[in-house]
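Let's take a walk through a protein and look at who pairs up with whom. Keep the 3D view open as you read.

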Amino acid sequence: MSDVEALKREAGIAACRYVKSGMNVGLGTGSTVKYTIVEIGRRLSEEGLEIIGVPTSEATRELAQGLGIPLMEISDVKSLDITIDGADEFDSHFSLIKGGGGALTREKIVANLSKSMIVVADESKRVDVLGKFNLPVEVSPEKYLSVIEEISNICPGKVLLRRKMTNARDEDKIYVTDNDGYILDCEFGPTITNPGEMERMISVIDGVVEVGLFVGICDAVFVASTSGVDIMVNPEGRLS
Ligand code: 5RP
């Protein structure tokens, strides 16, 4: 296991301490929260933990099902006790960029339904100003060209339609989300000083399904570095 992988594992497992029997748990998507989900599966089979999970992607659904975690659909849930998820970037105000794995729409729905949201990440995801990681925006396929035009008016860099490598000859196809949307990856660079305002500006564009900025949602970040797992609790959040 590489050093980064070991850090992801540490953060992922540490956040499990918030998961208790009887909870409905939002299960995020990505290579860090995968370790949380595997740990939940272990506690289910070895310690008698009883939870119901709500997956934020088809990949997470498959992983959780394979581990025997009982699942519910998002549409059947009115509220969740907690969501644990990864992030592509987080800042000191607990604002996030998410969507590197393309699951931002379901991730935001599930996080918003939850009484609290915990992010698991390694130290490399911590930034002063959001935007070095290209901001993912999910869009309707019918509207993607006009959305590219509109976002280009506010984004200093390129607005790229996400593509998926499909074969060894490097022939690529458009990446399609679990909701049959497309993803635009927007090169803002570290310029997003007011993520709430940016989220509002992009979300009103016709054809935008969801913006990968999560503002005022995250309650704590479990961040793993070589010196251990630091738990940052949002003083304005629901866990403080
Ligand atoms: C998926 C996400 C992921 O949580 C984010 O990309 C972080 O993933 P990883 O832990 O693999 O770096 O937002 O849509």
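Start with Glu-47, which forms a salt bridge with Arg-43, their closest N and O atoms being 3.5 Å apart. Keep in mind that this is a predicted model. The two sit 4 residues apart in helix α2, so about one helical turn separates Glu-47 and Arg-43. Arg-43 counts as buried because its relative accessibility is 14%, and the cut-off for buried is under 20%. This pair also belongs to a network of salt bridges that links Glu-39, Arg-42, Arg-43, Glu-46 and Glu-47.

Why would such partners find each other? Side chains of opposite charge can pair when their charged atoms come close.

How many salt bridges are there by this rule? The count comes to 19. Here are some of them, with the N to O distance for each.

| Acidic partner | Basic partner | N to O distance |
|---|---|---|
| Glu-47 | Arg-43 | 3.5 Å |
| Glu-5 | Lys-34 | 3.9 Å |
| Asp-85 | Lys-98 | 3.1 Å |
| Glu-199 | Lys-108 | 2.5 Å |

Take the bridge between Glu-5 and Lys-34, at 3.9 Å. It links distant parts of the chain: Glu-5 is in helix α1 and Lys-34 in helix α2 (residues 33-47), 29 residues apart. Glu-5 has a relative accessible area of 22%, so it is partly exposed. Lys-34 is partly exposed as well, at 31%. Lys-34 also lies over the face of Tyr-35, 4.7 Å from the ring centre.

Helix α1 (residues 3-14) holds Arg-9 too. With 39% relative accessibility, Arg-9 counts as partly exposed. Setting aside neighbours within four places in sequence, Arg-9 is in contact with Met-1 and Tyr-35. Its C-alpha atom is 9.8 Å from that of Val-38, which is 29 residues away along the chain.

Now over to Lys-98, whose salt bridge partner is Asp-85. Lys-98 is in the loop between β5 (96-97) and α4 (104-113), while Asp-85 is in strand β3 (residues 82-85). Are these two buried or exposed? Both Lys-98 and Asp-85 are buried. The charged end of Lys-98 sits over the ring of Phe-214 as well, 5.7 Å from its centre.

Rings can pair up too, and a search of the whole structure finds 2 aromatic pairs. In one, the rings of Tyr-18 and Phe-222 have centres 5.9 Å apart and planes at 85°, so the pair is edge-to-face. Tyr-18 is in the loop between α1 and β1 (24-27), and Phe-222 is in strand β14 (residues 220-225), 204 residues apart. Tyr-18 is partly exposed at 25% relative accessibility, whereas Phe-222, at 0%, is buried. In the other, Tyr-144 and Tyr-182 have ring centres 5.3 Å apart and planes at 65°, so this pair is edge-to-face too. Tyr-144 is in helix α5 (residues 144-152) and Tyr-182 in strand β11 (residues 182-186), 38 residues apart. Tyr-182 is buried, with a relative accessible area of 16%.

Finally, zoom out. The protein is divided into domain 1 (3-126 + 215-231) and domain 2 (135-205). Their centres, taken over C-alpha atoms, are 24 Å apart. The contact takes 15 residues from domain 1 and 14 residues from domain 2. Between them the domains bury about 1000 Å², 50% of it on carbon and sulfur atoms. Across this interface the rule finds 1 salt bridge.

Conventions
Residues numbered from 1 in each chain as written. Predicted model: local features only at pLDDT ≥ 70, side-chain atom pairs only at ≥ 80, totals over all residues. Heavy atoms only, no water. Buried < 20%, exposed > 50% of the residue type's maximum accessible area, 1.4 Å probe, protein only. Contact = heavy atoms within 4.5 Å. Phe/Tyr/Trp six-rings, centres within 6.5 Å; stacked < 30°, edge-to-face > 60°. Lys NZ or Arg CZ within 6 Å of the ring centre and 35° of its normal. Domains from an automatic or database assignment. Buried area = accessible area lost by both parts, 1.4 Å probe. Salt bridge = Lys/Arg side-chain N within 4 Å of Asp/Glu carboxyl O.
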